[in-house]
Amino acid sequence: MESKKIYNDPTAYFPKDTPVYMVIDLKSFFASVECVERGLDPMTAKLVVADPTRSKGTICLAVTPALKALGVKNRCRIYEIPENLDYIIAPPQMQHYLNASAEIYEVYLQYISKDDIHVYSVDEAFLDVTHYLDMYHMTAKELGIEIMNAIWDKTGIRSTCGIGTNLYLAKVALDITAKHASDFIGILTEDTYRETLWTHQPLTDFWMVGRGISTKLYRHGILNMKDLAAASVADNSLLFKLFGIDAEILIDHAFGVETVTMADIKNYHSESNCLSSGQVLMHDYNFEDCRIVVLEMMDQLCLDMVAKDVITDSVTIHISYSHSWELYPITPPAHGSIRLPQRTNSDVIWRDAVREKYNEIVRPDAPLRRISISCNNIKPIDNFGNYQYSLFDDDGNFCSIQNLNAALIRQDKTRDLQKSIIDIKRRFGKNSVLKGMSLQDAGTMRERNMQIGGHKSGNSL
């Protein structure tokens, strides 16, 4: 592959054995997909991705660069866009965006092995290009431009690129430096990071520094990464007091250091052992209607557990009251956990348990708006497909053989039914089988089955 030499290319001077990482970000991805579909230039068209069927308070999922240049902020709400602006509102089509993301992943695979690619989000990916530069006889910047052009040629979507000598520097180069570069490429080494960004503000521009972290640092006079580095050298006990073990990450990042490699990411296996589901209701729900939605969500979590061959003995539910309620500021959300004597993924058992807990913890006179349910401490069913059953009932009394056998039969029948439902949904669509409660006006399952990530998929199911 022949490459064109690029002037002002700092990557040409990287030492031969230096690790080199790249982060590719797709500019205003959702909006760009919508523009391409309409035959518009994503860089000049005025378009936002938002659901017009929701209220004007709905968040815009993406805003084109042309609107950003006019002062429209990314992730704004529709009512925040000036009324005098002429723009297009595109309803979300999440499945289309996932398909476009898969196309772009195929572009990466033309240059880089999947073992050296980490998909960070639907519109962003890390690439370890360390061992590819000699093979292609390219510098990192040349390879970055090659990949960016290939994405444009295949999809019509513009991208930006961050290049760094570790994962952190590549991401910071993308987030802070690339957006100000004429070629949309940012490049950082540990030295140039300290030379150019050590006094950069605000701290929230830096990867993994959220508002909560920056606020704590500001309170102690730490306004930028140089201050943070100085504080760690003088006495790092304050940082460890504020952030615990996470202070180690902050201190490394203050100096532009990152010890995690692509191999570490690929070898990482999460210790998390929970399944969760949450939703914000489209309007205030009363006690009875919200209970229907809670039971729908628990039913779906049980199907998810069956599909994954896992079981649990603990579920937590968290219900938030509406902001419109006069007692909202002084009344904490309803929160409670359920613990069963044995693990199961039976929808019959968990629906009854969740219904009882809901009735116990939720105020019947209050409007409700947010729901979160978590299945905790999930464990795989053993290699023979069997559950771990208890020999004791809920009161700690020894179960008779007859009662235990009856319980085994009931749960096996429930599991077979759940597996049949999963199979039908996979073949004919998520809405091909619905419980009666989902056909009630308060039910949200039918609509949620037509969404991806809480937004319209663009497909009819």
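Contact here means heavy atoms within 4.5 Å. The structure is a predicted model, in which local features need pLDDT of at least 70 and side-chain atom pairs count only at pLDDT 80 or more, while totals for chains, interfaces and linings use all residues. Residues are numbered from 1 along each chain as its sequence is written, and side-chain values use heavy atoms, with hydrogens and water left out.

A good place to start is threonine 160, which lies in strand β7 (residues 159-164); helices (H or I, at least four residues) and strands (E, at least two) are DSSP runs, numbered from the N terminus. Threonine 160 counts as buried because its relative accessibility is 6%, buried being under 20% relative accessible area (1.4 Å probe, protein chains only). Beyond neighbours within four places in sequence, its contacts are Val23, Ile24, Asp25, Lys27, Met148, Leu174 and Phe184.

Turning to the interior, the largest nonpolar core (buried Ala, Val, Leu, Ile, Met, Phe, Trp, Tyr and Cys residues joined through side-chain atoms within 4.5 Å) has 43 residues, of which Met22, Phe29, Tyr108, Leu127, Leu143 and Ile163 touch the most other members. Helix α3 (residues 94-111) gives this core its largest share, seven residues. A second, separate core holds 37 residues, among them Leu281, Met298, Val354 and Leu368.

Helix α11 (residues 247-254) buries Ala247, Leu250, Ile251, His253 and Ala254. These buried residues line one face of α11, because they fall within an arc of 165° seen down its axis, the arc being that of the directions from the helix axis to the C-beta atoms. Their cover includes α6, α7, α8, α9 and α10. Just after α11, glycine 256 takes a positive phi of about 80°.

Terms used
Buried means under 20% relative accessible area, exposed over 50%, partly exposed in between (1.4 Å probe, protein chains only).
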